[in-house]
Each structure stands twice: as structure tokens, then as C-alpha cells.
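Open the model in your viewer and keep the selection tool at hand. The stops below go one at a time.

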Amino acid sequence: MDQSPDAGRASPATPRTPDTLYDRDVRTRLYRQDPQTIRAVATLQDDSFGPGGFATVHDMMLAVEIDEPSMRIETVKAEMVGHPHRTCPSTLRDMDQLIGLRIGSGYFRELRERFGGNRGCNHLHTMAQHIGTVVSLSFAARVVENDTEAQALPHERWMLRVVQNEPRVIDSCAIWHQDGELATRMLAADT
């Protein structure tokens, strides 16, 4: 770890257990900003052994605003409070490449092409992946967030309501594959 004055901070940390070598915490939260906008905030903290003992070596945040109808990223803000090398913050400006990217089919491929390997910061890339996953997983929550009737439905009828109101859930993962058992059952029940 670069210990130069502008390297960022490495705060002393306490391992969760005596045998902990590395501890990563990634958290992603979604917020309703307004009727058309979702705000996603991902944070990443790495604690590890290094010069000076066990310490927080990465403490980062990536926030995006997403236009919900198009699922396009409209704004990006990235921060590095803690980083091991003075040049790490130079990768923050790369995250502007997220603007205009649509969260949906091809999102992860596009992230790899733009930020994978030595094209960007591995940790910022990880947070961008988490944002895509959580936004996709939130289809159901967004459909029923203001629908108290749907929230009271039995599970099977609730899933049908989700499919009826948010067809993008189909093909969002292996379980929701359009030819899979769940999607086939929901689509048949919808007719």
C-alpha cells in the first residue's frame, strides 16, 4: 500500500474473527427519488492486512440516478474515502461512462467492455454490477410499492400481478426464463 500523504486513508480496523484475512462488505440500496427516477447507492469497504496491520483499505461509494421508464442511467457520482494508492481516484472520472447505459439485457457485458480488467477500477466495477443486479431484482418491489392490494395477495397471485404490471421480469434470470416453469405458469395464468 502506498503510504504517501495523498494515498487516501487506511483506518485501523478490527478483524471479525482472529483468523480473518480479508473482509469485504458491499451494500446496495434503492430509493424512489420521484415517480420517474430511482436512485441506487452502492458502497464497498474492504478490510485487510497490510502495512500497519489490519485496516480498512477501500471505502468507496457509487450512486446513480436511473430514469425508470427507459432504465437508463442519467447521473453518476463516485467517491473514494479510503483507497490504497494515490492514483486510485483517477479512475473515478471513468464512471461517467455509465451515463446513458441501460440496465437490462447486455448491461453486464457492457460493464466488462468499459471497465473490466485494466480498463477501470475493479471495485467501482463491482459496485456497478451490484447496482444492475439490485435494480433488476427490484422489478417486483417497484410494481407493488404503492399497491396495498397486491402486497396482501398470496404469493402465486402476487407473482402474477408482477408479471402483468412489469413484463420485463421475464428473462431477468434463469428462474424467470421465458421458457421456464415459473414464467410459463405465470404467462398461462395471465390469459
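Which helices do the buried residues of H5 pack against? Select H5, residues 155-165, in this predicted model. Its buried residues include Met-159, Leu-160 and Arg-161, and Val-162 and Val-163 are buried as well. Now add H3 (139-144), then H4 (148-151) and H6 (181-189). These three helices, H3, H4 and H6, are what the buried residues of H5 pack against.

Next, go to the largest pocket, with a volume of about 550 Å³. To find the centre of this pocket, select Ser-136, Phe-139, Arg-168, Ser-172 and Cys-173, the lining residues that lie nearest to it. The lining has 23 residues in total. Colour them by type: 14 are nonpolar, six are polar and three are charged.

Which elements give two or more residues to this lining? They are H1 (107-115), H2 (122-137), H3 and H5. H2 provides the largest share, four residues. H5 and H3, selected at the previous stop, are thus back in view.

For the last stop, select S2, the strand of residues 22-34, and pick out Thr-28 within it. Is Thr-28 buried or exposed? Its relative accessibility is 18%, so Thr-28 counts as buried; the cut-off for buried is under 20%. Show what is around Thr-28, leaving aside neighbours within four places in sequence: Val-41, Ala-42, His-130, Ile-131 and Val-134 are in contact with it.

How values were computed. Residues numbered from 1 in each chain as written. Predicted model: local features only at pLDDT ≥ 70, side-chain atom pairs only at ≥ 80, totals over all residues. Heavy atoms only, no water. 1 Å grid on protein atoms, 1.4 Å probe; cavity = no way out; pocket = protein on both sides within 12 Å on 5 of 7 lines; lining within 4 Å. Points joined across faces, edges and corners; volume = space filled by probe spheres on them. Nonpolar A, V, L, I, M, F, W, Y, C, P; charged D, E, K, R; others polar. Buried < 20%, exposed > 50% of the residue type's maximum accessible area, 1.4 Å probe, protein only. Contact = heavy atoms within 4.5 Å.
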